[in-house]
Amino acid sequence: MSADFLYGIEVILNGLMAGVMYALVALGFVLIFKASGIFNFAQGVMALFAALTLVGIMEGQVPFSHLINEVFGTEVHHFGWHVPALLAIAITLFVMVAFAWAVQKFLFKHLVGQEPIILFMATIGLAYFLEGFGDLMWGSNIKTLNLGLPQGGSRVIEDMTAKLGGDDFYGFFIDKLDIVATGVAIVLVLSLICFSQFTKQGRAMRAVADDHQAALSVGISLNFIWVLVWSLAGLVALVAGVMWGAKSGVQFSLSLIALKALPVLMLGGFTSIPGAIVGGLIIGVGEKLFEYLIGPMVGGATENWFAYVLALAFLVFRPQGLFGEKIIERV
Amino acid sequence: MKLQTLTAVALSTALVSGSALADLVIPDLSYRTGPYAAGGTPFSDGFQDYLKMLNARDGGIGGEEIRILECETGYNTEKGVECYESTKGEGALIYQPLSTGITYQLIPKATADQIPLHTMGYGRTSASNGEVFNWVFNYPANYWDAAGVIVNYLLDENSGDLKDKDIALVYHNSAYGKEPIRTLEALAEIHGFNFKPIAVDHPGQEQKSQWLQIRRERPDYVLMWGWGVMNQVAIQEAANIGFPMENFIGNWWSGAEHDVTPAGAAANGYKSLNMNRIGDLPVFAEIKKHVHEEGNASGDGSNLGTVLYTRGMYAAMLAQEAIAKAQEIHGVADVTPVMVRDGMEALAISADRMTELGMENIGPEFSVSCEDHGGSGLGIVQQWDAGEGKWVALTDYIEPNDDVTGPLIDEDSAAFAKEAGITPGCYAG
Amino acid sequence: MFYREAGDFKTSYEADSQTFPIAFDRYRYWFVLAVAFLVIPFVINDYWANALLIPFLIYAIAAIGLNILTGYCGQVSLGTGAFMAVGAYACYKLMTAFPEINILLHILLSGVVTAVVGAAFGLPSLRIKGFYLAVATLAAQFFLVWLFNKVPWFYNNSASGQISAPERFVFDIAVTGPNTKAWAAYLVCLVFVTLSAIVARNLTRGSMGRRWMAIRDMDIAAEIIGVNPLKAKLSAFAVSSFFVGISGALFFAVYLGAVEVGEVFGINKSFLVLFMIIIGGLGSIFGAFAGAAFLVCLPVVLKVIGVDLFGWPPDLVAHFQLVIIGLLIMFFLIKEPHGLAQLWRVAKEKLRLWPFPY
């Protein structure tokens, strides 16, 4: 096999891996949109906030230290302890659940029945708030995430596959972090599916997604379900924040990964969990392959816009996305 | 209505209190928020701490107290314009916009308002032609110098021969990232190396395609013009594909502590340019004594001695020297922006003076003239030692390629002069 | 008390359907215009112009444009930043290619160019709806920005990759370039804002606006009663982009003077303008002004209060600023989901009856 062909396969493999990373972000959007019809613009900032909180707790940082020092003239920065990773993750999840509860209690409870664009706008307000709040709480410097996640290309795969091509083929490059991310994503999706299929709350969640009023009339508490859904979105945000933060350090730009998830959502449909995964894979492969084949001819850096154009092309044929619920319009 | 009245009241009080004081006003357009906060915070800390130290120790410059006006730009052009307009009325002496975008806004504005701009190692490269850009100074070095310095360093490493070497440039797909391409293309022709630019789109969190391409093509060297999250991801990805880190060289905005620490031990050996010396300087002790121990540290005080802190301090020192020069030329302590411009144009930084200031060898020796606002353009190469957790200077100051960049600067500044209707010539009051 | 409506009788249909049917509103409108045209230019300084008024006016045009598309025709767009960039680059190319032609004409032509581009990118709206369309317009956003960055023709091969506005004159008074006086720049923007608002107001209450609103309220029903969705949607995209293009041209030529596309016309700009119309009120010209004023002035006000009055460190103020803006957006939405314009309407109804509530 020629080296170019093999490299093409390598690009596809890496595209699939990148797609999983996109899908991780997109999942959070889908969960909330499906259950409450809210397009949650704050999902990216939630990922940032969750990752910041995790690092802050692990490093024993004092929350709001800059503010406290400014107001009281003190010099506190660290508690001087390090929290083990698992405990820190548990505390972070607790924070995200508290956040979900607060969002429901103070914001969306008052906005029940509003138009989608108003709800969307409310999540924008939430995004502003959370961004400033996260900065105030943990500071705006770049933090290193020490969860012990593996990094770097897998030597084993590289050596095993190096013989496939000629001298100018060096074997497939697969990032170990991506393998872990894929595993985590599979576990996450499977447990979400199990949760929604086989537990009482999961069934209630699906009932709410189907029809709010019918669910309400059989005694399901909408309030509880929405808190649950936002908590789950918080969990997904934490996973996405950790995976992306392992690469770049935890910093403000993490909130921008939401932009990578939008074409995935469009393609997969806003309401489908499998759609988010399949959409992610298609976008990942599509943009990487385009950059590999066509990119050099037009000067490169095409990925950002090509993902959207690709999704757009799919939408022209299926306006509700690949797995979205068919839009039925009646007069 | 209420808000507007409030602003009006607030603004007028601010303006009134400002004009009553006669002191040296130095604005600091910082960015401690937003995507680039990690770079902006230490720079601004160093800039302010040094000036505060001068106030505390020497009572300012030439006996005149310094007043720092910090204004948060968030690296955003419109906020930068707002900051400029809100501080210029208070008699600001010199602006350091700290962003290429804001610099381009301010070049025409500051020229019209007659306030000097100092863009240290960023901004418009051709501004080093002082005959066209009377009010803009970009000493001690610019991006085109940086490209020359890197190539000269590589020449040195390869005993003067780069023929048929492959050199790739990973760049931020913006005006800033595209800066070195022309210089590198010209140098590629002279030295016979193969040059390949590889663009990374903003913000640069996902660079897999670019690094797979580098892995396929195995260039001998990879240069980087990155900023923000792009730096951290690029260093991580380079380590992932097993690219030899000592052949990966960033420019001076891609070589601070926070760029390499997220990648941990994998970043060991990564090199970058720097326009200023790093390491322990006597002046840090002074800052500690007069500023930090008094509880006046800017920010949280944790950045003392980092790469960008030192650079911010260096920028403040250059401003101090320019103001001192202006005081010397004009014989008054309370100088105006126009006088500071004269001071900048007559600026000469000698090794003795730097030692005297407690910053031995912090920058190259250089002097500014009416024709040349660009300084010497010298830079050093530094390397990250992940074990020790610090940058180590590898070389002494390296010369750029003035004979290559000179004609490019003349060409670009001539084009600007034509577009803006400027007749080149020295500023004559 | 404030509104004395007794005796304000309408004797013709024209009088009854005018924009400000209440005499007091009409006087106030003329008063605001008179202050804006005859008083402010004489008292304005660089700070007020460049920090508040000019950006406010330019964003108001962009918000009017987007409001036509989103508020009146119901098509959510996130491509505003890119369409502003089209206006800016069209203006730059026209300014440098035909320096002898009047700059005001160039700005108008930039609007026309943007209208054509906008209509082309509006084509997917015929198939795609709602949030799917919003995300689809992001394709335009990213593609156009990439294009302007990549093709040197757009920035005349300049080494810096930025475009900068050369000096141009109207009646021998500089309106672009470094020597522009604050009042001149302000007046140019004001003229365009006033004209845009008048044109937009009259378009939206004419037959075209009714077609747009029919599409917004339910496009299938509108189609059945004889509104051509192709024409209605594309005309909304074209008209909206026309205004957005003008605002982009002004933003570049009059306000900033030099622009790098990714930094100035990035995705953030698209979101910002969308926030303006939602906060201000969808489907209202006044809402466009209110939203623009809110998002342009509020950060400055907060900064002035925090930094200058309380003397807090600027970074804390900047973080608090985000928290406060976020809280205010949520608060307003809970109190009045239909934006500042609705708040204004409610207040006005109260005032008309005041002091006798019933």
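## Two cis prolines in chain B

Let's start with Pro140(B), which sits in the loop between strand 4 (136-137) and helix 5 (143-157) of chain B. Helices here are DSSP runs of H or I with at least four residues, strands are E runs of at least two, and both are numbered from the N terminus. The peptide bond that joins Tyr139(B) and Pro140(B) is cis, with omega about 5°. His202(B) and Pro203(B) are likewise joined by a cis peptide bond, with omega about -5°. Pro203(B) lies in the loop between strand 6 (194-200) and helix 7 (208-217) of chain B.

This is a predicted model, in which local features need pLDDT of at least 70 and side-chain atom pairs count only at pLDDT 80 or more, while totals for chains, interfaces and linings use all residues. Residues are numbered from 1 along each chain as its sequence is written, and chains are lettered from A and ligands numbered from 1 in the order in which they are written. The model scores ipTM 0.89 and pTM 0.91. For chain C, the average pLDDT (the predictor's confidence in each residue, from 0 to 100) is 87, and 99% of the residues score at least 70.

## Chain B as a whole

Chain B holds 14 helices and 13 strands. Its radius of gyration is 21 Å, which agrees with the value near 22 Å for a compact globule of 429 residues; the radius is taken over C-alpha atoms, and the globule rule is 2.2 Å times the number of residues to the power 0.38. Along the principal axes, the C-alpha atoms of chain B fill a box of roughly 65 × 55 × 50 Å.

Of the 429 residues of chain B, 62% are buried. That label needs 20 or more other C-beta atoms within 10 Å of a residue's own, while 12 or fewer makes a residue exposed and anything in between partly exposed, with C-beta atoms placed from the backbone.

## A hairpin and two unusual residues

Strand 12 (residues 380-385) and strand 13 (residues 390-393) of chain B pair in the antiparallel sense over 4 bridges; pairing requires that DSSP finds at least two bridges between the strands. Trp384(B) has Trp391(B) in strand 13 as its bridge partner. Gly389(B), in the same hairpin of chain B, takes a positive phi near 70°.

Two residues that are not glycines also have a positive phi: Asn361(B), at about 60°, and Phe171(C), at about 50°. Asn361(B) counts as partly exposed because it has 17 C-beta neighbours inside 10 Å. Phe171(C) counts as exposed, with 7 such neighbours.

## Where chain A meets its partners

Contact means that the C-beta atoms of two residues, placed from the backbone, lie within 7 Å. By this rule, 35 residues of chain A are in contact with 34 residues of chain B. Helix 1 of chain A gives the most to the side of chain A that touches chain B, with 5 residues. This side has 11 nonpolar, 16 polar and 8 charged residues. Here Ala, Val, Leu, Ile, Met, Phe, Trp, Tyr, Cys and Pro count as nonpolar, Asp, Glu, Lys and Arg as charged, and the others, Gly among them, as polar.

The contact between chain A and chain C takes 41 residues from chain A and 38 residues from chain C. Helix 5 of chain A supplies the largest share of the side of chain A that touches chain C, 14 residues. By class, this side has 29 nonpolar, 8 polar and 4 charged residues.
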